[in-house]
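Me: I've got a structure open and would like to go through it with you. Could we start with whatever pocket there is?

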Amino acid sequence: AGLILAGGEGRRFGGPKAFARLPDRRTFLEACCETLVDAGARPVAATLPPGAVADGIPGFRPMPLPGLGLDMLGSLRWGLRHLISEAEWTAVIMLPVDHPLIAPDTIVTLVKVEAPVVIPTFAGKHGHPIRLSRDVAEAIAREKIGGATVREVLGAIGGVDVAVDDAGVIANCNTPRALREAIKLVNSEF
């Protein structure tokens with residue numbers, strides 16, 4: 001399964017990052033969804049700001065959040081609560097929408113690693129997306145793991161680091177300037 005965390009207001013970006021555009025005109029949400037689908041993730045869902053509409057994206061299910069102000073952990077729990085009702089997946093890739101430059105091969109690599117939590121690294125730095133086993137996803141959704149942030153929750157579980165050859169995992173596009181720098185970092189063809 002794939003879960004795109006895209007429910008933030010995007011204050012530093014000037015609007016919701018889900019609908020920010022890459023130089024090729026795709027939205028961050030479209031790019032993340034395309035990457036997950038190309039990597040074989042099924043189902044693919046995304047948390048979105050309340051009332052947001054994301055039509056016309058193939059292979060994707062929107063999950064608008066119940067209200068503004070949910071932090072990343074709240075958004076993750078909301079999304080996982082909806083996904084765990086589907087029995088066909090054994091792991092979920094958690095992809096923040098501000099990481100739209102990930103290569104599908106990176107996701108395939110992470111999915112192959114059998115561990116409760118799998119975290120990609122590039123040049124010694126931790127990044128995204130993060131692979132969660134179904135057991136961990138269910139425990140997070142049901143609030144059975146303590147912590148006030150995603151980092152604290154995942155730290156309580158511990159993760160396996162996997163080095164990947166994809167600068168996109170550390171390319172956090174949370175401002176327009178960061179997007180420009182990220183595109184240079186991944187040497188993208190935009």
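Reply: A good place to begin is helix H5, which gives the most to the lining of the largest pocket, with 4 residues. Please keep in mind throughout that this is a predicted model.

Me: OK, and what volume does the largest pocket have?

Reply: The volume of the largest pocket comes to about 990 Å³. The lining is made up of 39 residues, and those closest to the centre of the pocket are Met-72, Pro-96, Asp-98, His-128 and Val-150.

Me: Which elements give two or more residues to that lining?

Reply: Those are helix H2, which spans 72-83, and helix H5, which spans 150-157.

Me: And how do the lining residues divide into nonpolar, polar and charged?

Reply: For the largest pocket, the lining divides into 18 nonpolar residues, 14 polar ones and 7 charged ones.

Me: You mentioned His-128 near the centre. What is the peptide bond from His-128 to Pro-129 like, cis or trans?

Reply: The bond from His-128 to Pro-129 is cis, with an omega near 10°, and Pro-129 itself is placed in the loop between strand S6 (125-126) and strand S7 (130-133). His-128 is also one of the residues closest to the centre of the largest pocket.

Me: What about the bond that joins Arg-42 and Pro-43?

Reply: Arg-42 and Pro-43 are likewise joined by a cis peptide bond, here with omega at about -10°. Pro-43 is found in the loop that runs between helix H1 (28-38) and strand S2 (44-48).

Me: Switching to cysteines, since I need to think about my buffers. How many disulfides does the structure hold?

Reply: The count is 0 disulfides. Cys-32 is in none, and the nearest cysteine sulfur to its own, that of Cys-33, lies 8.7 Å away, whereas a disulfide would need the two sulfur atoms to be within 2.5 Å.

Me: And Cys-173, which cysteine sulfur is nearest there?

Reply: For Cys-173, which is also in no disulfide, the nearest cysteine sulfur is that of Cys-32, at 8.9 Å.

Me: Are those two buried or exposed?

Reply: Cys-32 has a relative accessible area of 1% and counts as buried, and Cys-173 is buried too, with a relative accessible area of 0%.

Me: Now the backbone. What is phi at Ala-123, and where does that residue sit?

Reply: Phi of Ala-123 is near 55°, which is a positive value in a residue other than glycine. Ala-123 is placed in the loop between strand S5 (117-122) and S6, and it counts as exposed because its relative accessibility of 68% is over 50%.

Me: And Glu-143, what is its phi?

Reply: Glu-143 is not a glycine either, yet it has a positive phi of about 60°. It lies in the loop between helix H4 (134-141) and H5, and with a relative accessible area of 48% it is partly exposed.

Me: Back to side chains for a second. How many aromatic pairs are there, and what sits over the ring of Trp-89?

Reply: The count of aromatic pairs comes to 0. Over the ring of Trp-89 sits the charged end of Arg-134, 4.4 Å from the ring centre.

Me: Last topic, then: how far is Arg-12 from Pro-176 in space?

Reply: Their C-alpha atoms are separated by 8.4 Å, although the two residues are 164 residues apart along the chain. Arg-12 has its place in the loop between strand S1 (2-5) and H1, and at 59% relative accessibility it counts as exposed.

Me: And how far apart are Pro-66 and Gly-51?

Reply: Pro-66 and Gly-51 are 8.9 Å apart, C-alpha to C-alpha, with their positions 15 residues apart in sequence. Pro-66 lies in the loop between strand S3 (61-64) and H2, and it is exposed, with a relative accessible area of 57%.

Notes:
Residues numbered from 1 in each chain as written. Predicted model: local features only at pLDDT ≥ 70, side-chain atom pairs only at ≥ 80, totals over all residues. Heavy atoms only, no water. Buried < 20%, exposed > 50% of the residue type's maximum accessible area, 1.4 Å probe, protein only. 1 Å grid on protein atoms, 1.4 Å probe; cavity = no way out; pocket = protein on both sides within 12 Å on 5 of 7 lines; lining within 4 Å. Points joined across faces, edges and corners; volume = space filled by probe spheres on them. Nonpolar A, V, L, I, M, F, W, Y, C, P; charged D, E, K, R; others polar. Phe/Tyr/Trp six-rings, centres within 6.5 Å; stacked < 30°, edge-to-face > 60°. Lys NZ or Arg CZ within 6 Å of the ring centre and 35° of its normal.
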